[in-house]
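Me: I'd like to learn how to read a structure like this one, feature by feature. Could you walk me through it?
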Amino acid sequence: MTVDGQESVAVDGRRGRPTGKREQTKAANRDEIRAAAIAAFTELGFGATTVRDIVRRTGLASGTFYNYYADKHVILTELVGEHVAEAGARMASARAAARTPREAIERGAVAYFRLLMESPEMLAMYRRNAGTIRAYASGDLVDGIIDSLRTDLERLLAERGTEDLDTGLLAAGVIGAGMEIAMRFAESEGADPERAIAALQALVVDGLLGEAGPGIAGPTG
């Protein structure tokens with residue numbers, strides 16, 4: 001399966017934009033601050049970036065920043081949280097049509113790497129701050145992604161009459177490996193997403209599910 005073969009899904013996680021003038025202004029200011037933060041984190045690195053560095057990349061007054069964010073950590077938490085939530089939604093949607101555990105993992109990987117490629121600004125920020133983002137991309141959102149994959153794997157394994165794998169551990173391993181491969185991918189400028197997907201496939205799909213026999217792996221075509 002290829003990145004280009006996956007159907008496109010809307011990227012903007014902030015749906016239902018406000019319609020009132022005041023609300024539109026607030027939304028525009030927030031977007032401007034977020035874009036400036038991404039640019040600053042990418043250029044300077046998260047650790048070296050100050051609130052002043054972010055504000056000077058906007059057309060806003062310095063005090064306006066604090067009307068929206070307490071500090072730079074809140075912005076990064078929001079950005080990473082939205083990314084993880086969108087990734088989880090895309091992967092779950094992509095897995096819905098899967099017929100085997102193998103295909104579920106492949107489809108989820110394609111959906112995630114497509115998301116990375118669709119946002120070059122976020123990818124560049126991840127590339128510069130991969131170590132920091134590893135620490136921020138955790139918690140309940142990631143646990144939810146793992147649980148969603150576990151549920152799908154349980155369903156697919158039950159349908160094939162094979163339920164001897166620990167789906168919780170398998171799901172955690174797949175997501176953990178996928179996140180690490182994604183971070184390494186982000187760190188390597190010009191990296192081919194197909195190679196990243198192939199690495200995850202070789203590690204999990206072929207290495208584990210492939211060993212489990214054709215009853216689990218099955219065809220993906």
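Reply: Gladly! Let's begin with burial: a residue counts as buried when its relative accessible area is under 20%, as exposed when that area is over 50%, and as partly exposed in between. Keep in mind that this is a predicted model.

Me: Is Leu76 buried or exposed, then?
Reply: Leu76 has a relative accessibility of 2%, so it counts as buried. It sits in helix 3, which covers residues 72-95. Leaving out residues up to four places away in sequence, Leu76 touches Phe41, Phe46, Met125, Thr132 and Tyr136. One of these partners shows how the fold brings separate segments together: Thr132 is 56 residues from Leu76 in sequence, while their C-alpha atoms are 9.7 Å apart.

Me: What is the relative accessible area of Ser93, and how does that class it?
Reply: Ser93 also belongs to helix 3. Its relative accessible area is 49%, so it is partly exposed. From Ser93 to Gly108 is 15 residues along the chain and 8.3 Å between C-alpha atoms.

Me: How should I read helix 3 as a whole?
Reply: Compare its span with the one expected from its residue count. Helix 3 has 24 residues and reaches 35 Å from its first C-alpha to its last, close to the 34 Å expected at 1.5 Å a residue. Then look at the N-terminal end, which Asp71 caps: one of its side-chain oxygens lies 3.0 Å from the backbone nitrogen of His73.

Me: And the whole chain: how many helices and strands does it have?
Reply: There are 10 helices and zero strands. Of the 221 residues in the chain, 44% are buried. Among contacts between residues at least 6 apart in sequence, 72% join residues at least 24 apart.

Me: What should I look for in the interior?
Reply: In soluble globular proteins, nonpolar side chains tend to be buried together. Here, the largest nonpolar core has 55 residues, and Ile54, Ile75, Phe113 and Met125 touch the most other members. Helix 8, residues 167-187, gives the most to this core, with 10 residues. For a look at one of those well-connected members, take Ile54: beyond its neighbours within four places in sequence, its contacts include Ile33, Ala36, Phe41, Phe65 and Ile75.

Me: How do I describe aromatic rings that meet?
Reply: A pair of aromatic rings is described by the distance of the centres and the angle of the planes. This structure holds six aromatic pairs. In one of them, Phe65 and Tyr66 are edge-to-face, at 5.2 Å centre to centre with 80 degrees between the planes. Phe65 has 1% relative accessibility, so it counts as buried. Phe113 and Phe185 also form an edge-to-face pair, with 5.4 Å between centres and 80 degrees between planes. That pair links distant parts of the chain: Phe113 is in helix 4 (residues 101-118) and Phe185 is in helix 8, 72 residues apart. Both Phe113 and Phe185 are buried.

Me: Which residues form one aromatic cluster?
Reply: Phe41, Phe46 and Tyr136 do. You have met these names already, as they are among the residues that Leu76 touches.

Me: Which charged residues lie over the faces of Tyr69 and Phe46?
Reply: Arg30 lies over the face of Tyr69, 5.0 Å from the ring centre. Lys72 lies over the face of Phe46, at 4.6 Å from the ring centre. Lys72 is also among the contacts of Ile54, and Phe46 is among those of Leu76.

Methods. Residues are numbered from 1 along each chain as its sequence is written. This is a predicted model: local features need pLDDT of at least 70, side-chain atom pairs count only at pLDDT 80 or more; totals for chains, interfaces and linings use all residues. Side-chain values use heavy atoms; hydrogens and water are left out. Helices (H or I, at least four residues) and strands (E, at least two) are DSSP runs, numbered from the N terminus. Buried means under 20% relative accessible area, exposed over 50%, partly exposed in between (1.4 Å probe, protein chains only). Contact means heavy atoms within 4.5 Å. A nonpolar core is a set of buried Ala, Val, Leu, Ile, Met, Phe, Trp, Tyr and Cys residues joined through side-chain atoms within 4.5 Å. The expected span of a helix is 1.5 Å times one less than its number of residues. A polar contact is a pair of N or O atoms within 3.5 Å; within protein, one must be able to donate a hydrogen and the other to accept it, and residues adjacent in sequence count only if both atoms are side-chain atoms. Rings of Phe, Tyr and Trp (its six-membered ring) pair if their centres lie within 6.5 Å; planes under 30 degrees apart count as stacked, over 60 as edge-to-face and the rest as tilted. A charge sits over a ring if NZ of Lys or CZ of Arg is within 6 Å of the ring centre and within 35 degrees of the ring normal.
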